[in-house]
Amino acid sequence: MRAVAITTAGGPEVLEVVDVPEPHAGPGEVRIRVAAAAVNPTDTVFRAGWYRREIEDGLPDIPGMDAAGTIDEVGEGVSWSVGDEVMAIVLPTGPHGGAYAAQVVVPGNSVARIPEGSTLVEAATLPMNGLTARLSLDQLALGPGQTLAVTGAAGAYGGYAIQLAKQDGLTVIADASDADESLVSALGADVVVRRGDEVAHRIRTVLPDGVDALADGAVLDGKVLAAIRDGGGLAVVRGWKGPTERGITLHQTFVSRYAGNHEALDRLRQQVEAGQVTLRVADTYDAADAPEAHRRLEAGGTRGRLVLTF
Ligand SMILES: NC(=O)c1ccc[n+]([C@@H]2O[C@H](COP(=O)([O-])OP(=O)(O)OC[C@H]3O[C@@H](n4cnc5c(N)ncnc54)[C@H](OP(=O)(O)O)[C@@H]3O)[C@@H](O)[C@H]2O)c1
């Protein structure tokens, strides 16, 4: 099976096309003939060797957390059928490796049908970041009418966080550069403030009492605390451990917790179909050009996801 993998940690150049044994679906699993795999920031972290344990055995390790394609093998006890067009969240540190592969095996509950009217390339941009935004919102547990701030709002996680929060009935204040202001407004933010290290101060200027919670897609960590009201919540996506202040609760969002949440993934599908969640593709690359896609992602400024095609 053709895959894009690393055998050593490093820059984009360590991503190479390899031939690895075809995986098979065990009980509770499905195998997807992958058409599209999104390129996420976490894939660059994987490639750079943060998960060294995997690399040290010298075997190819396959990155990628988002796949879309057609089911071509089903294990015992799953309700999926060969031929179903699906999207899946993939855990690359799991037993079958990541999504940058012609075929990937995932648990049946990591899969949902692709949204009607979406292509497989578009669908590949939804599972991982959509589920991450959903998990952050569930952790923050705000009610209708409460306020959420979102940083990194023009990004994949940030964009989904805005759109899902609006569907939850929240008021959203989000950050943007000058160039991204119309994009972030179009995603549904009620108020847009200029991004940057001073974003907390800018949010406080608009909302003097502070927001009820903040979803920190820009990974500003402690720099955003001042935007949050006493006793509010902060969802972080890169493991920041605090300390917080003024009784603010820190929520560590790790999407692996929702990797088996079929209901949440299928709800995202429905929200795309209802026009409530937008799938944004910046560009597609042949899988062999994965190094180029990683270089482009790491350069910053990409709006919408880059997607590898197999
Ligand atoms: N823990 C988890 O389970 C989990 C899951 C998904 C994502 N994540 C993490 O969440 C983060 C966001 O992911 P993503 O896919 O949304 O990335 P993305 O699409 O690249 O979006 C990040 C956004 O933040 C902006 N940004 C960067 N530095 C900033 C700053 N100092 N102030 C304001 N904005 C800034 C970026 O702008 P530029 O492009 O102009 O730099 C971009 O618009 C990443 O760190 C990712 O690894 C974690």
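Let me start with the pairing of strand 4, which covers residues 66–74, and strand 5: the two run in the antiparallel sense and are joined over five bridges. Please keep in mind throughout that what we are looking at is a predicted model. Within that pairing, Gly 69 has Val 86 of strand 5 as its bridge partner. Strand 5 also pairs with strand 7, residues 111–113, again in the antiparallel sense, and here the pairing extends over three bridges. On that side, Met 87 stands opposite Ala 112, which belongs to strand 7.

How many of the five residues of strand 5 are buried? Four of them are, and because of this the strand, which spans residues 85–89, is largely enclosed by the rest of the structure.

Let me turn now to the ligand, which is surrounded by 24 residues, the closest being Arg 238, Thr 253, Val 255, Gly 301 and Arg 305. If we sort that shell by class, we find eleven nonpolar, eight polar and five charged residues.

Looking at individual atom pairs, an oxygen atom of the ligand lies 2.7 Å from an N or O atom in the side chain of Arg 305. With Val 255, by contrast, the partner is a polar backbone atom, and an oxygen atom of the ligand is 2.7 Å from it. A polar backbone atom is also the partner in Ala 156, where the distance to an oxygen atom of the ligand is 3.0 Å. As for coverage, the ligand on its own has 910 Å² of accessible area, and the protein covers 81% of that.

Which elements give two or more residues to the shell around the ligand? They are helix 4, residues 127–140, and helix 5, residues 156–167. Of the elements, helix 4 gives the most, with three residues.

My last stop is Leu 207, which sits in the loop that connects helix 7, residues 199–206, to strand 11, residues 211–216. Is Leu 207 buried, partly exposed or exposed? Its relative accessibility is 26%, and since the partly exposed class begins at 20%, Leu 207 counts as partly exposed. If we set aside residues up to four places away in sequence, Leu 207 touches Thr 147 and Ile 173. For the pair of Leu 207 and Ile 173, the separation in sequence is 34 residues, while the C-alpha to C-alpha distance in space is 9.3 Å.

Key:
Residues numbered from 1 in each chain as written. Predicted model: local features only at pLDDT ≥ 70, side-chain atom pairs only at ≥ 80, totals over all residues. Heavy atoms only, no water. Helix = DSSP H or I, 4+ residues; strand = E, 2+ residues; numbered from the N terminus. Buried < 20%, exposed > 50% of the residue type's maximum accessible area, 1.4 Å probe, protein only. Contact = heavy atoms within 4.5 Å. Near = heavy atom within 4 Å. Polar contact = N/O pair within 3.5 Å; in protein donor to acceptor, adjacent residues only side chain to side chain. Areas by Shrake-Rupley, 256 points an atom, 1.4 Å probe, with all protein chains shown as cover. Nonpolar A, V, L, I, M, F, W, Y, C, P; charged D, E, K, R; others polar. Pairing = 2+ DSSP bridges.
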